[in-house]
Amino acid sequence: MSRHVVVVDYNPIWKKKYEQEALLIKEIFADNLIAIYHIGSTSVDGLAAKPIIDIMVVVRSLAKVDNIAKDLLKIGYEYLGEFGIAGRRYLCKGKDEQTHHIHIFQADDWDNISRHLAFSNYLRTHAQERAEYAQIKTELAHRFSDDIDSYFEGKESFVRNIETRALFQFDGTWDKMYVAARNVQFDRKISSLVEAGGVSAAILTSKGTIYTGVCIDTACSLGMCAERNAIANMITSGESAIRRVMAIGRNGKAIPPCGACRELMTQLMPDNYLGIEIMLDYEEKQVVTLGDITPNWWL
């Protein structure tokens, strides 16, 4: 591989380029898509990088991804299969001057998903390592401007060291809950009077178990919210202590639990409900407690 290597200062336009490409990807992947993330150096504010947008896509089925390779070709991507990582589908846009990379993993491949999320998250929160990484990449780009293999080899040791530290510190629980909830979120036509799956939820218990549920919509009042369904699954499995709650609306964004579900949680844990964490905005990682939004239960 002999592509030209260029490392430039961080550019805020990279975020916009990711968002524009994400819209195209979401349309093509449709219901198979669970989550999409901007990863790699261009996702880290202030980090010098090769101006190539790395995107990670989490899907329900890799087999379905293989079936849409021709649609990705139409928007400029070359389909390269696993390309060195088992369980991945890898695509690149552009030839000698590449502009985007897509890394696709199935929802149950948490090792690969968490590794990519942890690395980017670590560099966002560790200024010294971020500056050191920028210096290493800049120097290597000058030395090996026409030899990308040597460029990658030169930074391999630093990357592996950061990856080890990042994974040790990474709390990807919210991300794991999001993927779990989205994995069960799809519309189901149960009968002429019952539909399900438009909204989903994930519950994290005090034991670290994640339970999921989907909404059940009926023609009368006997339906069930996704949060309540997840709680029912938790209780059925012998647990009752909730640590975190995430509900996902039809647009794939986090939404607050409904009043009835909040009431159920307060009754389930009357002495400890105040500290239950609730994700309000997954993209911005905005978290509140049940006590914040239900402060005066039965007072």
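**Exercise 1. State what share of the residues of the protein counts as buried, and describe the overall make-up of the model.**

Solution. Of the 299 residues of the protein, 48% count as buried, where buried means under 20% relative accessible area, exposed over 50% and partly exposed in between, with a 1.4 Å probe and protein chains only. The model is a predicted one, in which local features need pLDDT of at least 70 and side-chain atom pairs count only at pLDDT 80 or more, while totals for chains, interfaces and linings use all residues. Residues are numbered from 1 along each chain as its sequence is written, and side-chain values use heavy atoms, with hydrogens and water left out.

The next step is the secondary structure: the protein has ten helices and twelve strands, taken as DSSP runs numbered from the N terminus (helices: H or I, at least four residues; strands: E, at least two). Along the principal axes, the C-alpha atoms fill a box of roughly 70 × 45 × 30 Å. Finally, among contacts between residues at least 6 apart in sequence, 60% join residues at least 24 apart, a contact being heavy atoms within 4.5 Å.

**Exercise 2. Work out how helix H5 is placed against helix H6, and which residues meet.**

Solution. Two packed helices are described by the angle between their axes and the distance between the axes. The axes of H5 (residues 127–143) and H6 (residues 148–169) come within 9 Å and cross at roughly 165°; such axes are lines fitted to C-alpha atoms, for helices over the stretch in contact, and the angles run from 0 to 180 degrees between N-to-C directions. That makes H5 roughly antiparallel to H6, since angles under 35 degrees count as roughly parallel, over 145 as roughly antiparallel, 65 to 115 as roughly perpendicular and the rest as oblique.

For the residues, Glu 129, Glu 132, Tyr 133, Ile 136, Lys 137, Leu 140 and Ala 141 in H5 meet Tyr 151, Gly 154, Lys 155, Phe 158, Val 159, Ile 162 and Arg 165 in H6. Sorted by class, this contact holds eight nonpolar, one polar and five charged residues, with Ala, Val, Leu, Ile, Met, Phe, Trp, Tyr, Cys and Pro counted as nonpolar, Asp, Glu, Lys and Arg as charged, and the others, Gly among them, as polar.

**Exercise 3. Determine the angle at which H4 and H5 pack, and follow the aromatic pair that links them.**

Solution. H4 and H5 pack at an angle of about 105°, with their axes 6 Å apart, and the two helices are therefore roughly perpendicular to each other. In this contact Phe 119, Tyr 122, Leu 123, Arg 124 and Thr 125 in H4 meet Ala 127, Glu 129, Arg 130 and Tyr 133 in H5. By class, the contact has five nonpolar, one polar and three charged residues.

The aromatic rings come next. Rings of Phe, Tyr and Trp (its six-membered ring) pair if their centres lie within 6.5 Å, and planes under 30 degrees apart count as stacked, over 60 as edge-to-face and the rest as tilted; by this rule the count comes to seven aromatic pairs. One of them is stacked, namely Phe 83 with Tyr 90, at 5.0 Å centre to centre and 15° between the planes. Within that pair, Tyr 90 is buried, with a relative accessible area of 9%, whereas Phe 83 counts as partly exposed at 43%.

The rings of Phe 119 and Tyr 133 have centres 6.0 Å apart and planes at 90°, so this pair is edge-to-face. It links distant parts of the chain, with Phe 119 in helix H4 (residues 110–125) and Tyr 133 in helix H5, 14 residues apart. Phe 119 counts as buried at 11% relative accessibility, and Tyr 133 counts as buried at 3%.

**Exercise 4. Identify the surroundings of His 103.**

Solution. His 103 lies in strand S5 (residues 100–106) and counts as buried, at 8% relative accessibility. Leaving aside neighbours within four places in sequence, His 103 is in contact with Ile 39, Asp 54, Ile 55, Met 56, Val 57, Arg 88, Arg 89, Tyr 90 and His 116.

**Exercise 5. Find the loops that hold Ala 30 and Phe 83, and give the phi of each residue.**

Solution. Most residues other than glycine have a negative phi. Ala 30, in the loop between helix H1 (13–29) and strand S1 (33–39), has a phi near 50°, a positive value. Phe 83, in the loop between strand S3 (77–79) and strand S4 (88–93), also has a positive phi near 50°.
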